[in-house]
Each structure stands twice: as C-alpha cells, then as structure tokens.
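Trainee: Could you walk me slowly through one part of this model? I would like a close look at a single loop, and then a sense of the chain around it.

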Amino acid sequence: MKTSWRSASLVASAAAVLALTTACGQDSPPAASQNVGATAAPGDYGSIGSGTGNGAAGTPSQPAAPSALSPSNPAGKLSVSTAEIGKVVTDSLGLTLYRFDQDTDQPPKSNCDGDCAKTWPPVPADDAEAGEGIDKSLLGSVTRADGTKQLTVGGWPAYRYAKDVNAGDVKGQGVGGKWYALAPDGKKVQEGAGAGAGNAEELGLSTRKDPELGEIVVDKNGMTVYRFKKDEAWPKPVSNCVGACLEKWPIVEPVDFADTKGIQEKGYMIFERTDGKGKQQTINCSPIYTFAGDKAPGDTNGQGVGGTWYAVRPDGKLVGASE
C-alpha cells in the first residue's frame, strides 16, 4: 500500500466512520458487542463444492473441456477475436489467451508454476503461428522452469484459463486484479477489467466484473465475498453462521475503508461477534464471508449454496436473490 495514498484517505475515512455510526439504527459506534444469533442448521450453509460454480444462481457450471485445459494442448494458428471486453488474442480453438501482471516481458519470465499453472495452463510455443490480425514479430517463447517452452506475445508469457470452456469465454479477465486477456499488441485488455487494474496497491476489498454474475465484491486475494441470507443487518448486524458453519464460510475480518475500492460507503461498518471470533466486516451492515470451496481467484462456487449464500454487490445486495 502506498503510504501517500493511504494517508490521503485517513481524514475521509474518519469522517465516514462517524457518519456510519447510525447507519444500522445505532446511536453509538458499532464496535459494541452484538448477538451472533442461532447456529445455522445443517444444510443451510452447504457442502464445499455444492455451489453453482460460475453459473447464475441455481444453474450448475459447465464441466471443463479436458482438451482445452491440457498444458500440452497446441496453440495452433492464433487470431484476433472480438469479445465483450474488446479485441483479444485467441488460439486455434477460439480460447482466450491471458497474461499475468507478476510475469515480466523484458526479459520474458513466467512466475506461474505449480497450482497456479493448473488454473492457468501455459500455452505451448512449439506450433503457434500468427493468423489474421497477429503480428508475427510479436510472437516468441520463454523457457519455463520445467524446461518446456511457453508462447509469448509481445514478450509476455501466454496462458489459458481453466474456467474458459467455450470459444469466446473471457472468465479470466481481471481475476485477482492480476490476470488480463492479451490484446493483439501484447498489452493487457483493460476494458471490463476487474478491480486493481492499473493499481499496484493491494486492496483489502474491491470489486471485479464476473462475466455471469456481474460486478461482485472480492477480498485482497481476489476471492469472492458472500452473504448469508439468514443473517440480519437491521437495526444492527447479526450473524447466524457459527460453529461448523464458519469452517466453510470464514468471516471477513475488518478492513479500513481507505483500503477498499468500489465499495458502498454507507453502512460500511464492523461489529463484535459474541462467539469469540472477534470483529467482522459488513457491507451495508450485512456480515460478509468467503467460501472454503473457492480454491482460486475468480471462483464462485459458493453462489446459491443451500439457497442461502450469495455473492455480494458493491452496495451490499445479494446477487441473484431477493432480500
């Protein structure tokens, strides 16, 4: 976090805290102890992996296409496709190619290995060729730690995204504020990018544009943030997720509003849990959580779980469900 930017926000943040003390019907600051409420009944908080994936609420996500996710899958003839976020580079199957902000282009170097490379399979360089709209001089390769050669575009190592299963999918755009579709010139496609685009600071809470759920809140690691429909926000926050529920739905701990971006300020407050779990962050006075079943930035496996758990809009409202 850049000290100058953070310091510049302190005055505004302090004023915001004072303004929020009565946002949830309270006459005093929200740090006072609040009731946690009854334990969620079995089945109310769902099982890990039982969510609706990246699909809309109630719609199971499509299974991944094995051939598309194989690290050795040929790139073939590259081309330029027009997606909802702009012009992107695609492989011979029409799958979008991405670049990683933590890589380097001068000299080319990949910093995505291990589990990262399972979620973001490197694109092999061997058979890649320039198709219409691709400048052949921009194509190159970089030798990875395992000795394989990875395609580069404009010096940037190229990847596919495990959740892109159909030609034209751009589900990896803006994930974690570090992954972006490759533009034909090797630069990252900025339009429609998730929170953190062009921002070197690590934000405690921000937003990203999910291709199916729309604008949703994510934590500092790019993990999706959720609300429990059985919680209460008015007149004061009450969490009804305790005990075993919290093993699957960890609470989001307090985040200074100065460390957020794109989040509604009204009702942004914390409350003290009475189960010994400390303080919990809220958005629009509603307690917020992450999901243990989400393994990588961009996952939305908690969406719709048990008909009670939903991703969160920047204004605190549920995604795909009525209040």
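Mentor: Happily; we will start with the loop that holds N284 and then work outwards to the rest of the chain.

One thing to keep in mind from the start is that this is a predicted model. With that said, let us go to the loop between strand 15 (279-283) and strand 16 (286-287), which is where N284 sits. C285 is found in that loop between strand 15 and strand 16 too.

What is the sign of phi at N284? It is positive, at about 55°, although N284 is not a glycine. C285 also has a positive phi, about 75° here, and C285 is not a glycine either.

Now for the surroundings. Is N284 buried or exposed? N284 counts as buried because its relative accessibility is 18%, and the cut-off for that label is under 20%. C285 is buried as well, since its relative accessible area is 0%.

Which residues does N284 touch, once those up to four places away in sequence are set aside? The list runs through A233 and W234, then Q264, then K266, G267 and Y268, and ends with D315 and G316.

One of those partners, W234, takes us to another feature of the backbone. A cis peptide bond joins W234 and P235, with omega about 0°. P235 lies in the loop between strand 13 (226-228) and helix 4 (245-248). So that you can compare, there is a cis peptide bond between Q106 and P107 too, with omega about -5°. P107 is found in the loop between strand 4 (104-105) and strand 5 (108-109).

Cysteines are a good next stop. How many disulfides does the chain have? The count comes to two. A disulfide is a covalent bond between the sulfur atoms of two cysteines. One of them joins C241 to C245, with an S to S distance of 1.9 Å. The angle about the S-S bond in the link of C241 and C245 is -110°, and the link is left-handed. C241 counts as buried because its relative accessibility is 0%, and C245 is buried with a relative accessible area of 0%.

The other disulfide joins C112 to C116, where the sulfurs are 2.0 Å apart. The link of C112 and C116 is left-handed, with -110° about the S-S bond. Are its two cysteines buried or partly exposed? C112 counts as buried because its relative accessibility is 0%, whereas C116 is partly exposed because its relative accessible area is 22%.

Next, a piece of sheet. Three strands form an open sheet in the order 2-1-6, and the pairing is mixed. Its edge strands are strand 2 (86-90) and strand 6 (129-130), each of which pairs on one side only. Strand 1 (residues 77-83) pairs with strand 2 in the antiparallel sense, over five bridges. To find your way along that pairing on screen, look for S81, which stands opposite V88 in strand 2.

Stepping back to the whole chain, there are four helices and 17 strands. Of the 323 residues, 50% count as buried. Where do the contacts come from, once we keep those with a separation of 6 or more? Residues 24 or more positions apart account for 68% of them. As for the surface, the chain exposes about 14,100 Å², and carbon and sulfur atoms supply 52% of that area.

Finally, a word about confidence. The average pLDDT of the chain is 80, and 74% of the residues score at least 70. Over residues 26-69 the pLDDT stays under 50, and the model has 118 contacts beyond four places in sequence for this stretch. The pLDDT is also below 50 over residues 191-201, a stretch with 29 contacts in the model beyond near neighbours in sequence. Where pLDDT is low, the predicted coordinates should not be read in detail.

To return to your loop, then: N284 and its neighbour in the loop, C285, both have a positive phi, and both count as buried.

Terms used: Residues are numbered from 1 along each chain as its sequence is written. This is a predicted model: local features need pLDDT of at least 70, side-chain atom pairs count only at pLDDT 80 or more; totals for chains, interfaces and linings use all residues. Side-chain values use heavy atoms; hydrogens and water are left out. Helices (H or I, at least four residues) and strands (E, at least two) are DSSP runs, numbered from the N terminus. Buried means under 20% relative accessible area, exposed over 50%, partly exposed in between (1.4 Å probe, protein chains only). Contact means heavy atoms within 4.5 Å. Accessible areas come from the Shrake-Rupley method with a 1.4 Å probe; for residues, only the protein chains shown count as cover. Two strands pair if DSSP finds at least two bridges between them. A disulfide is a pair of cysteine sulfur atoms within 2.5 Å. pLDDT is the predictor's confidence in each residue, from 0 to 100.
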